[in-house]
Amino acid sequence: MTEIRIHGRGGQGNVIAAYILAQAAFECGKFAQAFPSFGPERRGAPVTAFVRITGVPVHRHCQVLAPAFLILQDHALLHAAGITQGLLPHGKILVNWSRPIAPATAGNGHQVVVIPAASLAMEYLGKPVPNTALLAALLTLTEMLPLQALERALALRFAGEMLERNLSLVRKAAQMVPAGLWKEAADARSD
Amino acid sequence: MRAAIEGSAAIARAVAMCRPQVVSAYPITPQTHIVEALARMIAQGELRAELVSVESEFSAASVVLGAAAAGSRAYTATSAQGLLLMTEVLYNIGGLRIPVVMTCANRAIGAPVSAWNDQQDSMAMRDTGWLQLYCADNQEAVDTTIQAFRIAERTELPVMVCVDGYVLTHTLEPIDLPSQEQVDAFLPPYRFSRALDPRNPISIGNLVTPEYYSEARHAHHQAILRAREEIIAADRDWAAICGRSWDGLLAVDGPPDARLGILTIGSVMGTLFDARQAHPEFGAVKLIKLRAMRPFPVAELIGACAGLSDLIVLERALSPGGGGIVGAEVRAALFEAPSRPKIHNFAAGLGGRDMPLDLYPRLLARIAHEAPVQFAIFDLEPERLPPQER
């Protein structure tokens, strides 16, 4: 089972990102589960969402305690206390940010990859919602699902021009990270 | 059709396929997504129903009471304080024996205020004279919602379908949604034998003097006990259509000769199921899922507990000054059994505290070297309390 934790701020589409990733896995015939950190949410407040992807049905309904990957939709959260709590020793961190991050200053020793997801979204969608670009980058880095699965999941949610723009964004974001860099971490079991 | 879909969206789709004629609700987290989805379907013309917007849960319950009494299939949903605000009306719906279906998206009640999940809200309503069915996952929530309308209409009793808030309502997972044809084949149009009709006037809700009150209460109690057959039949008949059974009143999973058992209610069941696979060192453990809280399945429970030396009752509610609510009912039911296990009653997961996989080994390790406790909160962290409150 691969478990992913998404951190962001209310309004950045954190829960939607989790749902889209789970739907992409489902589109590939995998079992998946996605849920927010339970409780009231409001714009600007730190929000967490979780995804489980596996080849067998998921029965548990408990929180993800030991994820293999973190997605940070807001780079400032990289310095929030406890952000890497539970992240597996081989776990990786994907961050929405437009500048390189020195490994020594962040991530508690975990490899960090950055992608300017909000700027890309601004360019392709006209609004700074980083989730689609980050999902495309995660799938490219881990190769846990084909990119087409993400495209099919996006097609469940968007149509027409907005879908086309999202698909262009997916292809652009995928080109900006090294394919398969995190494949090994994705193959490691996190349960 | 199988889809990866949010629990609330799936429940709303199930309700819509049951063709309700009146929907009335007041928004409260975590119920909101369900009624928002229904309101959208009605606004877009996908569902032909009257949506009655009200100023409180008291009015929402009153609207569905009136609508169902007048012969409409009626639905509402609420949580926590919203459910408590309905209390007076829920007793009336129960006592008048009006078929209404409600989803309770379970949430802790205040004070202290909590927005998170436990089952203290619906447990506080167990004496309202409604049938209560609890769901372990969103697939069961979909199927139970559909079954609930048939149960309600055949028994002429209201049904509360209890679904853990957030843990199920806000979780996206693969769910088989039935077709409209399947639901139509299962659920005929609603006809209420006592419908209010100006051409054939009757009165309901009259003052009842001491000469008849006991008889009305007895009849209500007996009707709820008899509803067990309709709950079993609805599950069996729906399974014949869609291939999924939820074992009627109570589900048992595990070898019949197991000596240890855990009885629970709601969404923690799946977590225990996965944890049991990960912890074979504890040997054979029977998992017992209480689906019907009302009527309480005494005979099925006695059967499920046969051969057990120890039974853990794990619940997400308590009666302050009393102890476990499910635990007390399980003890009472097993008192007359020819042999009964030692009962260890714990609450956990109150006010949204996570119920992780390691709950399973910790529970089993604790009962292995400890005399049965009458009741305790298992995941309590006493160091958070001042010494005099521990």
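How many Å separate the centres of domain 1 of chain B and domain 2 of chain B, taken over C-alpha atoms? The answer is 27 Å. This is a predicted model, and the briefing below looks at how the two domains of chain B meet, then at salt bridges and cysteines. Over all chains, a search of the whole structure gives 28 salt bridges and 0 disulfides.

**The two domains of chain B**

- Domain 1 of chain B covers 2-242, and domain 2 covers 250-389.
- Where they touch, domain 1 of chain B contributes 29 residues and domain 2 of chain B contributes 22 residues.
- Together the two domains of chain B bury about 2000 Å², and 53% of that area is on carbon and sulfur atoms.
- Three residues stand out on the domain 1 side: Met123(B), Arg126(B) and Tyr134(B) supply 24% of the area that domain 1 of chain B buries against domain 2 of chain B, more than any other three residues.

**What crosses the domain interface**

- Between domain 1 and domain 2 of chain B there are 5 salt bridges.
- Polar contacts join 15 residue pairs across this interface, counting pairs with both residues at pLDDT 80 or more.
- On the domain 1 side that touches domain 2 of chain B, α6, β6, α7 and α9 of chain B each supply at least two residues.
- Among the contributors to that side, α9(B) gives the most, with 6 residues.

**Salt bridges in chain B**

- Arg126(B) pairs with Glu329(B) in a salt bridge, at 3.9 Å from N to O.
- Arg126(B) sits in the loop between α6 (120-123) and β6 (131-134) of chain B, while Glu329(B) belongs to helix α12 (residues 325-334) of chain B, so this salt bridge ties together parts that are 203 residues apart in sequence.
- The partners in this pair are placed as follows: Arg126(B) is partly exposed at 22% relative accessibility, and Glu329(B) is buried at 17%.
- A salt bridge also joins Arg150(B) to Asp237(B), with 2.9 Å between the closest N and O atoms.
- That pair links distant parts of the chain, with Arg150(B) in helix α7 (residues 138-155) and Asp237(B) in helix α9 (residues 213-242) of chain B, 87 residues apart.
- Arg150(B) is buried, with a relative accessible area of 6%, whereas Asp237(B) is partly exposed at 25%.
- Arg294(B) and Asp127(B) form another salt bridge, their closest N and O atoms lying 4.0 Å apart.
- A network of salt bridges links Arg2(B), Asp143(B), Asp176(B) and Arg244(B).

**A salt bridge in chain A**

- In chain A, the side chains of Glu151(A) and Arg171(A) meet in a salt bridge at 3.8 Å, N to O.
- The two residues are 20 residues apart and come from distant parts of the chain: Glu151(A) from helix α4 (residues 147-155) and Arg171(A) from helix α5 (residues 160-175) of chain A.
- Arg171(A) counts as partly exposed, at 40% relative accessibility.

**Cysteines**

- Why does Cys18(B) not form a disulfide with Cys242(B)? The sulfur of Cys18(B) is 12 Å from its closest cysteine sulfur, the one in Cys242(B), which is too far for a bond; a disulfide needs the sulfur atoms within 2.5 Å.
- Cys18(B) is buried, with a relative accessible area of 1%.
- Cys28(A) is partly exposed, with a relative accessible area of 30%.

Definitions and conventions: Residues are numbered from 1 along each chain as its sequence is written. Chains are lettered from A and ligands numbered from 1 in the order in which they are written. This is a predicted model: local features need pLDDT of at least 70, side-chain atom pairs count only at pLDDT 80 or more; totals for chains, interfaces and linings use all residues. Side-chain values use heavy atoms; hydrogens and water are left out. Buried means under 20% relative accessible area, exposed over 50%, partly exposed in between (1.4 Å probe, protein chains only). Helices (H or I, at least four residues) and strands (E, at least two) are DSSP runs, numbered from the N terminus. Domain bounds come from an automatic or database domain assignment. Contact means heavy atoms within 4.5 Å. Buried area is the accessible area (1.4 Å probe) that two parts lose on being put together, summed over both. A polar contact is a pair of N or O atoms within 3.5 Å; within protein, one must be able to donate a hydrogen and the other to accept it, and residues adjacent in sequence count only if both atoms are side-chain atoms.
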